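Work through the exercises below with the sequence and the model open. Each task is followed by a solution in steps.

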Amino acid sequence: MKKEQVVNCQFSVWYPIFKKHTIKSLILPLPQNVIDYLLDDGTLVVSGSDNNTQQTHTNNNDSDAEEDVQWSDDETTTTATAPEFPEFTSRVLEAINALGGYVFPKLNWSAPRDANWIALNSSLQCQSLSDIFLLFKSSDFVTHDLAQPFLHCSDQDSPDPAINYELVLRKWSELISGGEFRCFVKENKLIAISQRDYTQYYQHVLKQEEQISHAIQDFFSQHIQYNFLDEDFVFDVYRDSQGRVWLIDLNPFGQVTDSLLFSWEELTSGEVAHQQEGPAFRCTNSEVTVQPSPCLSYRIPRDFLDLSTGEDAYKLIDFLKLKKSQQEESEEEEEEVEVIPQQ
Ligand SMILES: Nc1ncnc2c1ncn2[C@@H]1O[C@H](COP(=O)(O)OP(=O)(O)O)[C@@H](O)[C@H]1O
Ligand SMILES: [Mg+2]
């Protein structure tokens with residue numbers, strides 16, 4: 001995989017070519033100060049000032065009883081002030097409104113799929129720039145786009161092409177995972193199709209294997225083949241309930257892209273391409289083969305999440321008790337330290 005192939009798979013490169021066959025989206029250039037903020041490990045706190053007024057109202061409804069509660073008695077605590085980007089914020093809000101109020105965010109290549117657990121709705125659905133920042137700042141996939149987009153490229157000696165970073169906002173669409181497939185194209189030939197979410201077994205996918213494969217082959221030959229800048233690439237599709245196929249994403253043909261139910265060796269050696277007439281089709285074929293979700297390792301423990309969302313009140317009480325006893329212990333230790341006579 002060459003650096004140029006990665007460059008060609010940027011959203012702003014492929015979207016204009018395939019606009020008619022994909023989800024409506026808007027692309028905003030990312031200002032340098034926003035890039036710096038996203039790369040800065042220190043500040044996670046995001047300003048709430050861009051929230052929709054509607055949200056602010058609902059937040060205010062139950063505030064009267066809690067006004068006097070002082071949650072922290074530690075006077076030395078300093079609150080990090082979030083940077084504000086008023087101009088960018090208003091452009092983002094305008095774009096979100098133009099796309100119907102709910103968006104799916106990504107950068108030039110990646111969405112923050114590894115960070116959905118951190119959002120209150122456990123989803124990548126965003127309504128404001130602070131929703132987007134929370135996901136982006138928690139995502140290793142997004143950091144990869146910003147910090148090392150050309151990792152795994154074979155032409156490491158050539159200089160890195162200049163990248164203009166962009167915020168991609170896509171109209172939110174409820175996609176059913178069973179309808180998503182990844183398609184591998186080598187020398188402009190569709191060689192393999194894999195169920196995208198291979199952690200689940202979908203009976204209908206197994207049953208309609210041939211139908212799905214044909215629908216994707218037609219979509220490829222009519223709209224995709226020979227229209228892209230490279231002859232090797234990977235494209236993701238969605239087959240909706242009416243059987244219509246949509247383009248979801250384009251990815252480089254190489255290690256950076258998950259080969260799902262195939263291996264990169266099979267795909268590059270030509271082994272897959274020569275075994276049958278059309279593309280090889282693979283899906284998860286029984287409950288037995290169901291695998292853990294690949295993003296699971298990015299999550300924090302369930303207990304912690306329950307605590308943070310307050311879903312389990314007893315856990316929170318236990319946690320606070322634990323904190324209190326730890327605090328008492330450390331205070332005792334401090335006292336002990338003080339007892340040691342100075343010599
Ligand atoms: N517009 C959208 N609305 C809702 N979910 C989406 C949208 N676009 C993509 N998704 C979901 O997010 C997943 C990842 O999207 P994708 O653009 O391929 O990001 P990445 O390249 O980082 O994997 C898709 O498989 C799909 O399930
Ligand atoms: Mg992708």
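The exercises deal with the ligand site, the metal ion, two loop residues and some contacts between distant parts of the chain.

The model is predicted: local features need pLDDT of at least 70, side-chain atom pairs count only at pLDDT 80 or more, and totals for chains, interfaces and linings use all residues. Residues are numbered from 1 along each chain as its sequence is written, chains are lettered from A and ligands numbered from 1 in the order in which they are written, and side-chain values use heavy atoms, with hydrogens and water left out.

**Exercise 1. The shell around ligand 1**

Task: Find which residues come nearest to ligand 1 and describe the shell by class and by element.

Solution.
- Step 1. A residue is taken as near if one of its heavy atoms lies within 4 Å of the molecule. There are 17 residues around ligand 1, and those that come nearest are Lys106, Ala111, Ser173, Glu180 and Asp249.
- Step 2. Sort the shell by class: seven residues are nonpolar, two polar and eight charged. Here Ala, Val, Leu, Ile, Met, Phe, Trp, Tyr, Cys and Pro count as nonpolar, Asp, Glu, Lys and Arg as charged, and the others, Gly among them, as polar.
- Step 3. List the polar contacts (pairs of N or O atoms within 3.5 Å; within protein, one must be able to donate a hydrogen and the other to accept it, and residues adjacent in sequence count only if both atoms are side-chain atoms). An oxygen atom of ligand 1 lies 2.8 Å from a side-chain N or O atom of Lys106. For Arg196 the distance from such an atom to a ligand oxygen is 2.9 Å, and for a polar side-chain atom of Arg113 it is 3.0 Å.
- Step 4. Ligand 1 has 550 Å² of accessible area on its own, and the protein covers 90% of it. Accessible areas come from the Shrake-Rupley method with a 1.4 Å probe; for residues, only the protein chains shown count as cover.
- Step 5. Strands β2 (103–106), β3 (166–171) and β7 (245–251) are the elements that give two or more residues to this shell. Strands (E, at least two residues) and helices (H or I, at least four) are DSSP runs, numbered from the N terminus.

**Exercise 2. Position between domains**

Task: Why does ligand 1 lie between domain 1 and domain 2?

Solution.
- Step 1. Take the domain bounds, which come from an automatic or database domain assignment.
- Step 2. Ligand 1 lies between the two domains because domain 1 (24–53 + 82–171) and domain 2 (177–297) both give residues to its shell.

**Exercise 3. Lys106 and the metal site**

Task: Is Lys106 buried or exposed, and which residues coordinate the magnesium ion?

Solution.
- Step 1. Lys106 lies in strand β2. Its relative accessible area is 5%, so Lys106 is buried (buried means under 20%, exposed over 50%, partly exposed in between; 1.4 Å probe, protein chains only).
- Step 2. A polar side-chain atom of Lys106 is also 3.2 Å from the backbone oxygen of Trp109.
- Step 3. Asp249 (OD) and Asn251 (OD1) coordinate the magnesium ion, ligand 2, at 2.0 to 2.2 Å. Donors are N, O and S atoms within 2.8 Å of the metal (3.2 Å for Na, K and Ca); water is not among the atoms, so sites may look incomplete.
- Step 4. Asp249 is buried at 8%, and Asn251 is buried at 9%.

**Exercise 4. Positive phi in a loop**

Task: What is phi for Glu187 and for Asn188?

Solution.
- Step 1. Most residues other than glycine have a negative phi.
- Step 2. Glu187 has a positive phi of about 50°, and phi of Asn188 is near 60°.
- Step 3. Glu187 is in the loop between β4 (180–186) and β5 (189–195), and Asn188 lies in the loop between β4 and β5.
- Step 4. Glu187 is exposed at 53%, whereas Asn188 is buried at 13%.
- Step 5. A polar side-chain atom of Asn188 lies 3.3 Å from the backbone nitrogen of Tyr226.

**Exercise 5. Pairs far apart in sequence**

Task: How many Å separate the C-alpha atoms of Val272 and Ile191, and those of Leu229 and Asn8?

Solution.
- Step 1. Val272, in the loop between α10 (264–269) and β8 (280–282), is buried at 1%. Its C-alpha is 6.8 Å from that of Ile191, 81 residues away along the chain.
- Step 2. Leu229, in the loop between α9 and β6 (233–239), is exposed at 53%. Its C-alpha is 6.8 Å from that of Asn8, 221 residues away in sequence.
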